[in-house]
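Colleague: I should like to go through this model with you and ask how its descriptive terms are justified. Please set each value against its criterion as we proceed.

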Amino acid sequence: MRRSLLIAPVAALALGLTACGSSDDSAATDTTTTSPMTSETTTSQSPMPEEKDIVDTAVAAGSFKTLATALTEAGLVDTLKGDGPFTVFAPTDEAFDKLPDGTLDSLLASPEDKLKPILTYHVVEGKVLAKDVATMDGEKVKTVNGAELTIEVGGDEVMLVDATGAKAKVTQPDVMASNGVIHVIDTVLMPTK
């Protein structure tokens with residue numbers, strides 16, 4: 001019940017942001033590239049200053065409703081709207097759906113003790129782009145949580161290995177925001193066993 005009550009304001013915010021967004025992209029040039037983080041070909045705009053911060057970019061995408069709710073509950077929205085730069089490994093709604101039954105409700109019921117450490121485990125200080133991650137096979141990166149993630153690179157695929165040994169695949173790299181970058185992942189990372 002609590003989760004559904006929080007999703008409505010986030011969805012309304014997303015609609016408002018979409019309606020208010022600028023449609024003048026004349027200064028940007030579209031390019032089609034194959035990312036080193038996935039084997040998928042994507043169309044992206046050339047590097048231009050982004051208007052939306054990480055939170056607004058995620059909300060506008062529409063596939064991060066659970067993440068937006070979790071960030072609100074954990075009190076991290078203002079932080080991720082800050083100057084940054086931040087690199088966020090953002091689990092989709094489907095990634096949260098893969099958690100065992102009752103896990104998300106338990107995390108939302110304890111935002112400071114349980115939820116916040118997990119969410120900050122998905123954030124790295126600085127702006128780390130796909131081209132940088134592609135050269136980091138086997139390296140560990142320190143998260144804002146203080147714990148580390150291990151990067152595995154195999155061909156065009158990038159995986160993040162958490163403290164439990166679980167792996168999250170980067171499904172869409174380099175979603176640019178005004179204060180950093182989002183890499184979309186398919187699994188929620190856990191900082192402890």
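**Terms and their grounds**

Modeller: Let us start with Thr92, which, neighbours within four places in sequence aside, is in contact with Ser63, Phe64, Val184 and Ile185. The model is a predicted one. Thr92 sits in the loop between strand E3 (86–91) and helix H5 (93–97).

Colleague: Why is Thr92 counted as buried?

Modeller: The relative accessibility of Thr92 is 13%, and buried means under 20%. Thr92 is therefore classed as buried.

Colleague: What is the wider setting of the protein chain, in helices and strands?

Modeller: The protein chain has eight helices and nine strands. Of its 193 residues, 41% count as buried. Among contacts between residues at least 6 apart in sequence, 64% join residues at least 24 apart.

Colleague: Why is helix H3 described as largely enclosed by the rest of the structure?

Modeller: Seven of the nine residues of H3 are buried, so the helix is largely enclosed by the rest of the structure. The buried residues are Thr66, Leu67, Ala68, Thr69, Ala70, Leu71 and Glu73. Just after H3, Gly75 takes a positive phi of about 70°.

Colleague: What makes H3 oblique to H7?

Modeller: Two packed helices are described by the angle between their axes and the distance between the axes. The axes of H3 (residues 65–73) and H7 (residues 111–120) come within 9 Å and cross at roughly 130°. Angles over 145 degrees count as roughly antiparallel and those from 65 to 115 as roughly perpendicular. The angle of roughly 130° fits neither range, and so H3 is oblique to H7. The crossing of H3 past H7 is left-handed.

Colleague: Which residues of H3 and H7 meet, and of what classes are they?

Modeller: From H3 come Leu67, Ala70, Leu71 and Glu73, and they meet Pro111, Leu115 and Leu119 of H7. By class, this contact has six nonpolar residues, no polar residues and one charged residue. Within H7, the buried residues are Leu115, Ile118, Leu119 and Thr120. The buried residues of H7 pack against H3, H6 and strand E4 (123–125).

Colleague: Which residues of the largest nonpolar core touch the most other members?

Modeller: They are Leu67, Leu80, Val88, Leu115, Leu119 and Val188, in a core of 30 residues. Elements that give two or more residues to this core are helix H2 (54–61), H3, E3, H5, helix H6 (103–109), H7 and strand E9 (180–185). Another core, of 16 residues, lies apart from it, with Met136, Val153, Val170 and Leu189 among its members. As for Val188, its contacts beyond four places in sequence are Pro91, Ala95, Phe96, Leu99, Ile118, His122 and Asp162.

Colleague: How do you know that Pro191 is buried?

Modeller: Pro191 has a relative accessible area of 13%, and the limit for buried is under 20%. Pro191 is accordingly classed as buried. Pro191 lies in the segment after E9. Neighbours within four places in sequence aside, Pro191 is in contact with Pro117, Ile118, Tyr121, Asn145, Ala147 and Ala163. Pro191 and Tyr121 are 70 residues apart in sequence, yet 6.2 Å apart in space, C-alpha to C-alpha.

Colleague: Why does Gly165 count as partly exposed?

Modeller: The relative accessible area of Gly165 is 44%. Buried means under 20% and exposed over 50%, so Gly165, lying in between, is partly exposed. Gly165 is in the loop between strand E7 (157–161) and E8. The C-alpha atoms of Gly165 and Thr150, 15 residues apart along the chain, are separated by 9.4 Å.

Colleague: What is notable in the backbone at Asp174, and why is that residue called partly exposed?

Modeller: Most residues other than glycine have a negative phi, and most peptide bonds are trans. Phi of Asp174 is near 55°, a positive value in a residue other than glycine. Asp174 lies in strand E8 (residues 167–177). Its relative accessibility is 29%, which falls between the limits of 20% and 50%, so Asp174 counts as partly exposed.

Colleague: Where is Pro85 found, and what is the peptide bond from Gly84 to Pro85?

Modeller: Pro85 is in the loop between helix H4 (77–80) and E3. The peptide bond from Gly84 to Pro85 is cis, with omega near 5°.

Technical notes:
Residues are numbered from 1 along each chain as its sequence is written. This is a predicted model: local features need pLDDT of at least 70, side-chain atom pairs count only at pLDDT 80 or more; totals for chains, interfaces and linings use all residues. Side-chain values use heavy atoms; hydrogens and water are left out. Helices (H or I, at least four residues) and strands (E, at least two) are DSSP runs, numbered from the N terminus. Buried means under 20% relative accessible area, exposed over 50%, partly exposed in between (1.4 Å probe, protein chains only). Contact means heavy atoms within 4.5 Å. Axes are lines fitted to C-alpha atoms, for helices over the stretch in contact, and angles run from 0 to 180 degrees between N-to-C directions. Angles under 35 degrees count as roughly parallel, over 145 as roughly antiparallel, 65 to 115 as roughly perpendicular and the rest as oblique. A crossing is left-handed if the near helix is turned anticlockwise from the far one by less than a right angle, and right-handed if clockwise. Ala, Val, Leu, Ile, Met, Phe, Trp, Tyr, Cys and Pro count as nonpolar, Asp, Glu, Lys and Arg as charged, and the others, Gly among them, as polar. A nonpolar core is a set of buried Ala, Val, Leu, Ile, Met, Phe, Trp, Tyr and Cys residues joined through side-chain atoms within 4.5 Å.
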